[in-house]
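Thanks for coming, everyone. I'll take you through one chain today, and I'll keep it quick. Please have the viewer open.

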Amino acid sequence: MKRTLLVVFLALLSPVLASAQTTPLDSCPLPASAMRVAYDETFTVSSSAVGFTAATYAPTNGSPKAVCAVVVVNSNSISWRASGATPTAVIGNVQASGTSFVVGAANLASFLMIRVTSNAVVFVNYMVPNP
């Protein structure tokens, strides 16, 4: 009986845990059909916190600025914060390998990430409105 209850509890809880890993920080202001990927960059996230590259998501040459970033954690886990405070392996929002999340324009400049255990590879797509 206890084993059955545990299995049922875990089955009910697993969608909640899975959605927590992919819940966006904030959403893009436009529907996906009204945006396109304009810029991208890849990070090897190590033991020093790194943020997005301002010259990439907010170019100064007249090109459009990103309205959000879609972040994909390709390998190993990261810990991130969008407040501008430095994350650590144990302080921050942990994002597992194979998950993705969205960071809105208001948080692009203050977003920082660091590895949890081993170096992680993170790919970022910066979205702009369709012309």
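Let me start with a question. Which handedness does the disulfide of cysteine 28 and cysteine 68 have? The torsion about its S-S bond is about 85 degrees, so the disulfide is right-handed. Keep in mind that this is a predicted model.

Stay on that pair for a moment. The disulfide joins cysteine 28 to cysteine 68, with an S to S distance of 1.6 Å. The count for the model is 1 disulfide. The two cysteines sit 40 residues apart, so to speak, in distant parts of the chain. Cysteine 28 is in the loop between helix H1 (2-22) and E1. Cysteine 68 is in strand E3. Both cysteine 28 and cysteine 68 are buried.

Now the overall layout. The chain has 2 helices and 8 strands. Along the sequence, the pattern reads α-β-β-α-β-β-β-β-β-β. Of the contacts with a separation of 6 or more, 79% are between residues 24 or more positions apart. Of the 131 residues in the chain, 31% are buried. The exposed surface is about 7300 Å², and carbon and sulfur atoms supply 61% of it.

On to the sheets. One open sheet has 4 strands, in the order E1-E8-E3-E6, with antiparallel pairing. E1 and E6 stand at its edges. Each has a single partner strand, so one side of each is left without a neighbour in the sheet. On average, neighbouring strands here are turned by 25 degrees against each other, direction ignored. Look at E3 and E6 in particular. They run antiparallel and are joined by 5 bridges. Within that pairing, valine 70 has valine 102 in E6 as its bridge partner.

Next, another sheet. This open sheet also has 4 strands, with the order E2-E7-E4-E5 and antiparallel pairing. Strand E2 (50-51) and E5 take the edges. Again a single partner strand for each, so one side of each is left without a neighbour in the sheet.

Follow E4 through this sheet. How many bridges join E4 to strand E7? There are 4, and the two strands run antiparallel. Serine 79 has isoleucine 114 in E7 as its bridge partner. E4 also pairs with strand E5 (residues 93-95), in the antiparallel sense, over 3 bridges. There, isoleucine 78 stands opposite glutamine 95 in E5.

Isoleucine 78 brings us to the core. The largest nonpolar core has 22 residues. Phe52, Ile78, Met113 and Tyr126 have the most contacts inside it. Which strands each supply at least two residues of this core? They are strand E1 (35-45), strand E3 (68-75), strand E4 (78-81), strand E6 (100-104) and strand E8 (120-129). E8 gives the most, with 5 residues. As background, nonpolar side chains in soluble globular proteins tend to be buried together.

Zoom in on phenylalanine 52. What does it touch, not counting residues up to four places away in sequence? The list is Glu41, Phe43, Tyr57, Ala69, Val71, Val103, Leu108, Phe111, Met113, Val124 and Tyr126. Apart from the largest core lies another core, of 6 residues. Met35, Val67, Val102 and Met127 are among them. You met Val102 earlier, as the bridge partner of valine 70.

Two loop residues to finish. Take asparagine 76 to begin with. Asparagine 76 is in the loop between E3 and E4. Its phi is near 60 degrees, a positive value in a residue other than glycine. For context, most residues other than glycine have a negative phi. Asparagine 76 is partly exposed, with a relative accessible area of 33%.

Then proline 59. Proline 59 lies in the loop between helix H2 (54-57) and E3. Buried or exposed? Proline 59 has a relative accessible area of 12%, and the cut-off for buried is under 20%, so proline 59 is buried. Leaving aside neighbours within four places in sequence, proline 59 is in contact with Tyr39, Ala54, Pro64 and Lys65. Tyrosine 39 is 20 residues away from proline 59 in sequence. In space, the two are 9.9 Å apart, C-alpha to C-alpha.

That's my tour. Over to you for discussion.

Note on methods
Residues are numbered from 1 along each chain as its sequence is written. This is a predicted model: local features need pLDDT of at least 70, side-chain atom pairs count only at pLDDT 80 or more; totals for chains, interfaces and linings use all residues. Side-chain values use heavy atoms; hydrogens and water are left out. A nonpolar core is a set of buried Ala, Val, Leu, Ile, Met, Phe, Trp, Tyr and Cys residues joined through side-chain atoms within 4.5 Å. Buried means under 20% relative accessible area, exposed over 50%, partly exposed in between (1.4 Å probe, protein chains only). Contact means heavy atoms within 4.5 Å. Two strands pair if DSSP finds at least two bridges between them. A disulfide is a pair of cysteine sulfur atoms within 2.5 Å. Axes are lines fitted to C-alpha atoms, for helices over the stretch in contact, and angles run from 0 to 180 degrees between N-to-C directions. Accessible areas come from the Shrake-Rupley method with a 1.4 Å probe; for residues, only the protein chains shown count as cover.
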